[in-house]
Structure formats: structure tokens, C-alpha cells
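Work through the exercises below with the sequence and the 3D view open. Try each task before reading its solution.

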Amino acid sequence: MTSIAILGGAGALGGALAGRLAKAGHDIWIGSRDPEKAQAFAQTVAASVPGARVRGGDYRTCAAEAEVCILTVPYAAHAETLGQVKDLLAGKIVVDTTVPLRPPKVGTVQLPAAGSAAVEAQAILGPDVRVVSALQNIGAEKLAAGQVVDGDVLVAADDAEAAAAVCALLAQIGLRAWHVGPLANSAAAEAMTSVLIQINRRYKRVQAGIRITGKAKPDAENTAKSAGVSIHPLHGLPLFKAGDDLAGAIAEGVVASGLAPEDDDVIVVAQKVFSKVEGRAVVLADVSASPKGIALAGESGKPEALAELIVAESSELMRVRDNLVIARHRLGHVTANAGIDASNVSDPDGPETVLLWPVDPDASAARLRASLQERFGVRLAVIMSDSLGRAWRTGTVGTAIGLAGLKPIRDRRGESDLFGRELKATLVGVADEIAAAASLVIGEAAEGMPAVLVRGAVYEPSEEAVALDLLRPLEQDLFR
């Protein structure tokens, strides 16, 4: 937790930042020329964020209490405000969000003689204060909405450590930040505000922003080799329920985890999440068993309601033993209980509830992919994974049951091995390999990590492939 003063915190931008930072667990001071106004506003913010510590006061009181100060006053009050508190800021980080706009010509770049407002701030405060420029191009309305912000933050500072601290702080409130070099480069971000205003006016946009694109440069020493695969957990995801915005939550998790999605990254999401969001939970007490369900219950010893759901979700019951049903799911996958699961589904004190697989896992993955690609402006793939058992092997393993954006099989026939021998039958189930690797992080019990970002996996992009491509045709099944 950091103690943060927002000087000008009762304004639109300051108030939006106060809410997000308080929600992230920081100790917030709302600074204003009018202490009573600041205290009243602080109470409003605190009421909207249960358990938050938000207080108000005059500029000097707040600056003295805080480790980090964020300046959100208009440019007309910029120099005066800094002059009031400069003797209280030695050794601290000051985040200057100021844009040097002089109404009515706000659509015209008006940089000051010093080059930028942030450079002016450094001159006023002196070398003992670490000034960082940020947030000029993120609208207050976007921040106040509490959702994923469609835009990046340019962070300029002469002190690399201070810039890194601010980037990390911004990541905690769902913003993707880039350190763009020395404080003098703040002129670009400040000038860009007038450009964005013109775009809003001319093209009838609302709160236009900027987005940094491009793919990470490969290591020059390893361009001929695999760069390796990394698996990044997406932190802060909720316990999903029917109707939740899955794409929005995952996008927030990506940004809050400090990640910048790149082309060819793969988002792997547990099947349970999709099923919950799509309303595939079923209360067993609400299920009436048919004669087939009753018969399966008698043969397997499973509850009649569960047996009925297994029958309904299956195209074939392949093996039935005491407390064991191996079924071919209606989609073709072979799995225990037709994929129906009760773990991590409902409160033990509530009615017994189970989850069915989504109606169309590939379509679910495609919808999520389309939304995430639109938000981040990069080409992604999405895999829906579930933990399935395998014949002749003990233990479950992550398996792709839905996907979008990649061919699930990598056909290596025709390539050569180390000794020049042509590969004749090598088909790699790359989607299952990625799902299995991701399951090491997603887990099976109380990990609470239902989604990860996988980077570096080698696959062939595809707009048409589906997970069902992984299933061996029944006529090739040697064990039926």
C-alpha cells in the first residue's frame, strides 16, 4: 500500500484516479484549495469503495502525508499549486498529468517555452523531486467508468526507477503504461492531447486514445531457435457467474498483470469459466430422470439427476462401472461423465449444482478471441481447456475442447529429423500441448487462476480450424 496525494483530486480526472487507486488498496489523500470540499469529496469516494482509506485536506496537508503526489490541476493553476507544496516534496515522486491547454484553442498544440508542462514542473520543484509525466491522453470518463481502458499511457521521466514505479502503479489500476524516455519527451504526450481533441471533433469520436502496437524483438542470439514458452497467470479475475463480461474481465486481468499482449499470444481459459458465464450450471434438484437416466443410475450408482444429464449430453455410453461412466460427449470427445463437473462450481451450503460444457465451445472461444483482439489490436488465439483422463494413463491432463485462431494440429510430415530422415507420420497436437502446459498454472483445486496468457508457442494461425479437428475419425478408432 502506498500513500498517494491527488492534488486537484476533487476534479474529474483526480476523482476518477482516486476511485481506482482506493480500490487497489492505496491510502488516498484528496487535495484541494478548499479543504471542506476535499473532505466531502473524500467521503463520497470512500463510500463507493468499502474499506478504503480516503481523506481530504488542503494541498500542503496532503502533500506532506503522501509518498507519491499526482498533480491533476488545470494548467492555469499548475505553477501556483507546485509553488505551494515544493518544500514538502523532496525525495518524492510527483506524477504530472497536466496538459498546457489555454482555452478556447484547446484543439491547437500550445507547448510552453520550457518544452512541456512536466519540464516546467521539474524546474519549479528542483532536482530533489522526481517528476514523472503520465496520463495526459486518458480521459477522466474512461477511468471513472471502472472498465478496461482502451488506450495506453506514455510515461516520461529522467529517473528510470521512478518511471518504473509509476508504470507499476498504473498497472494496478488496469492501465498499460510505457516508459518513453526522458522527461523532455513528455512534450509528445502533452501535444498529442490536442491532436486527440481534433480527432474527437472531426470524426465524432468519444475519448479517442492511443495504442502502442508491435511485436517484441526476438533475441538476436536465438533467432534460429525456439525462444521458449512462457505462461503468465492473469491475476484478479472474479468468481464468474452467468451473464458476466468474460472478455472485459480477462482484458482487465491482462493489463492488471502488467502484460502487453503481442501477436500470436494464446489465451487459455478453463472450460468452467465459459460454462458459468454462459449459464450452463444446473441444479440437480431441478432435473427429472427419464427411464434411460434411471437405468444408468442403477447400473453406475450415480444419482439419478446426474445420470440423466450424462445421458442427455452423450452420443454414446462407452463403459459403465460402479461410480464410473465413460461417455462419448455429443461433440465427440470421450470423457468421464460426459464432461459434467461439480468441483469449484457452487457454495457447499447451497443446492448441489453441476456444470455442463458450453453448447459450442469453438464458437465460445471465437467470440472471446474477437473481443480481445478488438481491445488490444493484436492477433491472438484462444483455447478453452478442460482436464480429461486418458486410456491407459493415470491422471488428467489439460486438453483443448474449444479453440479459435490456430490449427490444433501441426503437420510435420515431410520435414526432416536431425539426421535428414523424412518424417512420415508426425502430427503434433499443438493445441493440446498448449492446454496441458497452461494447466500447470491454471491448476485443479483452489488455485483460483482460471486463465493464463501463453507466449512463444509455435503454431499455425487459422481462421477456420476448430477443436473437433483433433478427434480421430470413428472409422480409425482401433479400440472400439
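## Exercise 1: Glutamine 271

Setting aside neighbours within four places in sequence, glutamine 271 is in contact with Leu356, Trp357, Pro358, Met384, Ser385, Asp386 and Ile401. Contact means heavy atoms within 4.5 Å. This is a predicted model: local features need pLDDT of at least 70, side-chain atom pairs count only at pLDDT 80 or more, and totals for chains, interfaces and linings use all residues. Residues are numbered from 1 along each chain as its sequence is written, and side-chain values use heavy atoms, with hydrogens and water left out.

Task: Find the helix that holds glutamine 271, then decide whether glutamine 271 counts as buried or exposed.

Solution.
- Step 1. Glutamine 271 lies in helix 10, residues 271-277. Helices (H or I, at least four residues) and strands (E, at least two) are DSSP runs, numbered from the N terminus.
- Step 2. The relative accessibility of glutamine 271 is 2%, so it counts as buried. Buried means under 20% relative accessible area, exposed over 50%, partly exposed in between (1.4 Å probe, protein chains only).

## Exercise 2: Threonine 81

Task: Which residues is threonine 81 in contact with, leaving aside its neighbours within four places in sequence?

Solution.
- Step 1. Locate threonine 81 in helix 4, residues 78-85.
- Step 2. Its contacts beyond those neighbours are Tyr59, Leu71 and Val73.
- Step 3. Threonine 81 has 3% relative accessibility and therefore counts as buried.

## Exercise 3: Helix 8

Task: What covers the buried residues of helix 8?

Solution.
- Step 1. Trace helix 8 through residues 186-203. Its 18 residues reach 26 Å from first C-alpha to last, close to the 26 Å expected at 1.5 Å a residue. The expected span is 1.5 Å times one less than the number of residues.
- Step 2. Mark the buried residues of helix 8, among them Ala187, Ala191, Ser194 and Ile197.
- Step 3. The cover includes helix 5 (117-125), strand 6 (130-133) and strand 7 (152-157).
- Step 4. Look just after helix 8: lysine 204 takes a positive phi of about 55°.

## Exercise 4: A three-stranded sheet

Task: In the sheet with the order 12-13-14, which strands stand at the edges?

Solution.
- Step 1. This open sheet of three strands has antiparallel pairing. Two strands pair if DSSP finds at least two bridges between them.
- Step 2. Strand 12 (314-321) and strand 14 (334-336) are at the edges. Each has a single partner strand, so one side of each is left without a neighbour in the sheet.
- Step 3. Six bridges join strand 12 to strand 13, residues 324-329. Glutamate 316 has arginine 328 in strand 13 as its bridge partner.
- Step 4. Add the helices. Helix 11 (residues 291-300) lies across strand 12 and strand 13, at about 25° to strand 12. Helix 12 (residues 304-313) also touches strand 12 and strand 13, and its direction makes about 135° with that of strand 12. Axes are lines fitted to C-alpha atoms, for helices over the stretch in contact, and angles run from 0 to 180 degrees between N-to-C directions.

## Exercise 5: Alanine 177

Task: How many residues apart in sequence are alanine 177 and glycine 151?

Solution.
- Step 1. Find alanine 177 in strand 8, residues 176-179.
- Step 2. Alanine 177 and glycine 151 are 26 residues apart in sequence, and 9.3 Å apart in space, C-alpha to C-alpha.
- Step 3. Leaving aside neighbours within four places in sequence, alanine 177 is in contact with Val153, Val155, Cys167 and Leu170.
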